[in-house]
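Dear colleague,

I am passing on the structure we spoke about, and below it you will find notes on what turned up when I went through it. Please keep in mind while reading that the model is a predicted one.

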Amino acid sequence: MTEDRPIAPAWNRVYGEIVYWITFACCLVCFIGPMFSMLFPENNAMNPYFTYALVFEGMTGSDIWIALYGDWPWFHKVWWQNFFTGDGFTMFGIAVGTTVALWALIPTMFVFARNKLPQYVLFSAIVCFMVILAASGIVRIG
């Protein structure tokens, strides 16, 4: 029965496997990080009581980030600086998980190039560039 099933192209398998495993790992990180935050509440980048107070004052997300860290967190510097805290570790998982297309497209571009598909390499490079712009904070909504 399985012999009748067509085999997916190499680029689909490469992209799919990378997205699957990175997403799985990020889910584990985002599960473990809040557990550290609850077990060690003093070891957090953000004081939850101060953060909730800002939320209930009606501040916007950008205003809260500025109040907590002094400026907008360009290039994910918040989790870089607070990696060994519960919420910093969780932010790392979210950052990697939301940029999983970038991490999967880079090796997929090599598979496209090996199969002589330059138009797909170019399109993948454009998508990677857009993900980098969005993840860096240069392009954002609001």
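Thr108 is a residue of helix H6, and it is buried, its relative accessible area being 2%, which is under the 20% limit used for that term. Once its neighbours within four places in sequence are left aside, Thr108 is in contact with Trp11, Val14 and Tyr15.

Helix H6 also matters for the largest nonpolar core, which consists of five residues, namely Leu102, Leu105, Met109, Cys128 and Val131. Two elements, helix H6 (100-114) and helix H7 (118-136), give two or more residues each to this core, and H6 gives the most, with three. One of the core residues, Val131, touches Thr99 and Leu102 when residues up to four places away in sequence are not counted.

The other thing I would point out is the packing of helix H1 (residues 10-39) against helix H5 (residues 86-98), whose axes come within 7 Å and cross at roughly 165°. Angles over 145 degrees count as roughly antiparallel, and H1 and H5 are therefore roughly antiparallel to each other; their crossing is left-handed. On the H1 side the contact includes Ile22, Cys26, Val29, Cys30 and Phe36, while on the H5 side Phe89, Phe92, Ile94 and Val96 are among the residues involved. Taken together, the residues of this contact divide into eleven nonpolar, six polar and one charged.

With best wishes

Conventions
Residues numbered from 1 in each chain as written. Predicted model: local features only at pLDDT ≥ 70, side-chain atom pairs only at ≥ 80, totals over all residues. Heavy atoms only, no water. Axes fitted to C-alpha atoms, helices over the stretch in contact; angles between N-to-C directions. Helix = DSSP H or I, 4+ residues; strand = E, 2+ residues; numbered from the N terminus. Parallel < 35°, antiparallel > 145°, perpendicular 65-115°, else oblique. Left-handed = near helix turned anticlockwise from the far one by under 90°. Contact = heavy atoms within 4.5 Å. Nonpolar A, V, L, I, M, F, W, Y, C, P; charged D, E, K, R; others polar. Core = buried A, V, L, I, M, F, W, Y, C linked by side-chain atoms within 4.5 Å. Buried < 20%, exposed > 50% of the residue type's maximum accessible area, 1.4 Å probe, protein only.
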